[in-house]
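This briefing is for a reader who is meeting the structure for the first time. It begins with the overall fold and ends with the aromatic rings.

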Amino acid sequence: MSTEYNHLPKQLKNHYILARHGFSLANNDKLICSNPEIAIPEVGGPRNTGYGLHEIGVEQVEASAKTLAQHLGDKKDQVKVFCSPFLRTKQTAQIFSKGLGVTVEPTPNLALRERFYGKFDMTSDENYKLCWIDDNAAPDHGEHSQYGIESTSSVVDRTTQFIVDHIESKMENQTVLLVAHGDVVQCMITAFRNIESYRHREVKHVDTANWRDMVEEVA
């Protein structure tokens, strides 16, 4: 089923792997942290070092990078790495790059940023459930959220446009790692599978620091 907000071409020139950031300081505090002004800087947060990775998250990503390196084999050090500019995703991308032997720094881009959760930003992560109820409620499916939550179609629109403009139009036969956030990864998977974005909760959950190979996802 085609959707006008999904810009991915039917035939992709590159091999895509999506990864979710590791367990973060915001996760540890059970907070939704989706505002770029709060989540990008290396200041603020519980330690005044920004809302980056927790020690648990660092260990998670290091372990996940090893499994990805094994999965990719000889191609592991040639991966092109792009990430959300949020501190937790940048740190995750850097750890993945180091584990894969990639010497080029990950490229951050706001198109891969966290989904914005409106009035629930910097509140309890229990409120994610209300966001997902909004997403699943027909016929609107969160397109005009009463809470000011960014719609899933908006997430797919910006992320797939980024893939087309910055990757598909500039390279081919490359392995590309995109490091992003929970709902963002889930929504991108719906785009690769060519299903409606509001069905992102039907997609197998991608846990913190985990990655998903899109060749296997759409096979």
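Helices and strands here are DSSP runs, of at least four residues for a helix and at least two for a strand, and they are numbered from the N terminus. The model is a predicted one. On that basis the chain has eight helices and five strands. Read from the N terminus, their order is β-α-α-α-β-α-β-α-α-β-α-β-α.

**Size and packing**

- The chain has 219 residues and a radius of gyration of 16 Å, which agrees with the value near 17 Å for a compact globule.
- The C-alpha trace spans about 50 × 45 × 25 Å along its principal axes.
- Buried residues make up 51% of the 219 in the chain.
- Among contacts with a separation of 6 or more, 78% are between residues 24 or more positions apart.

**Surface and charge**

- The accessible surface of the chain is about 10500 Å², and carbon and sulfur atoms account for 49% of that surface.
- The chain carries 23 positive and 30 negative charges, and the mean positions of these two sets lie 3 Å apart.

**Aromatic pairs: Tyr16 and Phe192**

- Five aromatic pairs are found in a search of the whole structure.
- One of them joins Tyr16 and Phe192, with 5.6 Å from centre to centre and 50° between the planes, and this pair is tilted.
- Tyr16 belongs to strand β1 (residues 15–20) and Phe192 to helix α7 (residues 182–193), so this pair ties together parts of the chain that are 176 residues apart in sequence.
- Tyr16 has a relative accessible area of 2% and is therefore buried, as under 20% counts as buried.
- Phe192 is also buried, with a relative accessible area of 12%.

**Aromatic pairs: Tyr117, Tyr128 and Trp132**

- The ring centres of Tyr117 and Tyr128 are 5.0 Å apart and the ring planes stand at 80°, so this pair is edge-to-face.
- Tyr117 sits in the loop between β3 (107–108) and α5 (128–136), while Tyr128 is in helix α5; the two residues are eleven residues apart, and their pair links distant parts of the chain.
- Both Tyr117 and Tyr128 are buried.
- Tyr117, Tyr128 and Trp132 form a cluster linked by ring pairs.

Conventions. Residues numbered from 1 in each chain as written. Predicted model: local features only at pLDDT ≥ 70, side-chain atom pairs only at ≥ 80, totals over all residues. Heavy atoms only, no water. Rg over C-alpha atoms; globule rule 2.2 N^0.38 Å. Buried < 20%, exposed > 50% of the residue type's maximum accessible area, 1.4 Å probe, protein only. Contact = heavy atoms within 4.5 Å. Areas by Shrake-Rupley, 256 points an atom, 1.4 Å probe, with all protein chains shown as cover. Lys, Arg positive; Asp, Glu negative; His and termini not counted. Charge placed at Lys NZ, Arg CZ, Asp CG, Glu CD. Phe/Tyr/Trp six-rings, centres within 6.5 Å; stacked < 30°, edge-to-face > 60°.
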